[in-house]
Amino acid sequence: MNLLDWELKRKRGLGHLFRKATLAPWRAWRRSTAFARALPNFLIIGAQKAGTTSLYGYLSQHHNVMSPMKKEIRYFGENYFQGPNWYRAHFPFSFRLANGKMITGESSPTTIFHPLAHEWVAATIPSVKLIALLRDPVARAFSHHQMNLRSGRDQLPFEVAIQREAERLDGALEGVLNGDDEAVFRYTSFSYLARGDYETQLKRWVRVFPKEQLLILQSEELFQNPAQAYRRVLAFLGLSMIELPSYDAFNPGRYDGEIPQKSRSFLTEYFREPNQRLAELLGQDFNWQPAASLVEVL
């Protein structure tokens, strides 16, 4: 069974089909009322495995934030072909946000990585506010691989997976641009190194969005001092300052072992130059601390 067949088999499982049939009337109603629904005021664009689920969970608890139908819509990526009405159907009615006090937004951590997402977002919601969480790319790569091991998407050991990444992604970018499902699967699943090259991704976004619409937040700040990071995000979104009862991590995962030292040394050197380019692009030195960044969160 190839990788795409594996993914299709998962999606065609009885549980998935039952949920799809049960929700069909509700989704049809939302689609029929899409014209009256809002577009998001903010997007958490990534990065994957950098704390986006936790940040979204914290924001959803604010009394002036209305949540969409689900956290990860992935419209500006694999679902863009569904069209704008499909996207709008996920959000609250516009009149519920008309007083300017309420906002809505979503979190799809693959958005930052898609090669065309910045153009699609700029064309669809040019005034949207963007939040990017950047995690130590060494820890992010390992966490990404651990997630794939748990789900069955990848069965290669970490050290083999990162050495074979170029081979596994060969031609994938071109396939993504052409809408090839198998290429999309490879591009999203096995990009352990590519996703950690934040400068390559962010330079696309800063070309089309002014800096005041983009908040860059270090994941380690969210992990270690979530209340402080939360206040920064609230200020960026123009929301009133509140304190949450707790800042527990949402959907925490687990590590099966630690990063092999040989792989850690390889990755540290591999990301040295991309991290320097990132610092020059943003005028910010992240000073990632590996011991602190090995926190397993989504």
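**Helix packing and the nonpolar core**

In helix α3, the residues L55, Y58 and L59 meet P226, Y230, V233, L234 and L237 of α13. By class this contact is made up of eight nonpolar residues, with no polar and no charged ones. The two helices, α3 (residues 52–60) and α13, pack at an angle of about 65°, and their axes are 11 Å apart. The crossing of α3 with α13 is right-handed. The model in which these contacts are seen is a predicted one.

As a whole, the protein has 16 helices and five strands. It has 298 residues, of which 50% count as buried. Contacts between parts of the chain far apart in sequence can be put in figures: among contacts with a separation of 6 or more, 77% are between residues 24 or more positions apart.

The contact between α3 and α13 leads on to the interior. The largest nonpolar core holds 71 residues, and those that touch the most other members are L43, L59, F76, V121, L130, L134 and L237. Two of these have already appeared, since L59 of α3 and L237 of α13 take part in the helix contact described above. Helix α13, which spans residues 226–237, gives the most to this core, with seven residues.

L130, another of the residues that touch the most core members, shows what such a position has around it. With its neighbours within four places in sequence left aside, L130 is in contact with L43, I45, V121, W205, F209, Q213, L214, L215 and F236.

Two of those partners, V121 and W205, also belong to a second helix pair: A117, H118, V121 and A122 of α5 are in contact with R204, W205, R207 and V208 of α11. Here the classes are mixed, with five nonpolar, one polar and two charged residues. The axes of α5 (residues 117–124) and α11 (residues 198–208) come within 9 Å and cross at roughly 25°. Angles under 35 degrees count as roughly parallel, and α5 and α11 are therefore roughly parallel to each other. Their crossing is right-handed.

Back on α13, that helix also contains Q228. Buried residues have under 20% relative accessible area and exposed ones over 50%; Q228, at 36%, is therefore partly exposed. From Q228 to E243 is 15 residues in sequence, and the C-alpha atoms of the two are 9.7 Å apart in space.

Methods. Residues are numbered from 1 along each chain as its sequence is written. This is a predicted model: local features need pLDDT of at least 70, side-chain atom pairs count only at pLDDT 80 or more; totals for chains, interfaces and linings use all residues. Side-chain values use heavy atoms; hydrogens and water are left out. Axes are lines fitted to C-alpha atoms, for helices over the stretch in contact, and angles run from 0 to 180 degrees between N-to-C directions. Helices (H or I, at least four residues) and strands (E, at least two) are DSSP runs, numbered from the N terminus. Angles under 35 degrees count as roughly parallel, over 145 as roughly antiparallel, 65 to 115 as roughly perpendicular and the rest as oblique. A crossing is left-handed if the near helix is turned anticlockwise from the far one by less than a right angle, and right-handed if clockwise. Contact means heavy atoms within 4.5 Å. Ala, Val, Leu, Ile, Met, Phe, Trp, Tyr, Cys and Pro count as nonpolar, Asp, Glu, Lys and Arg as charged, and the others, Gly among them, as polar. A nonpolar core is a set of buried Ala, Val, Leu, Ile, Met, Phe, Trp, Tyr and Cys residues joined through side-chain atoms within 4.5 Å. Buried means under 20% relative accessible area, exposed over 50%, partly exposed in between (1.4 Å probe, protein chains only).
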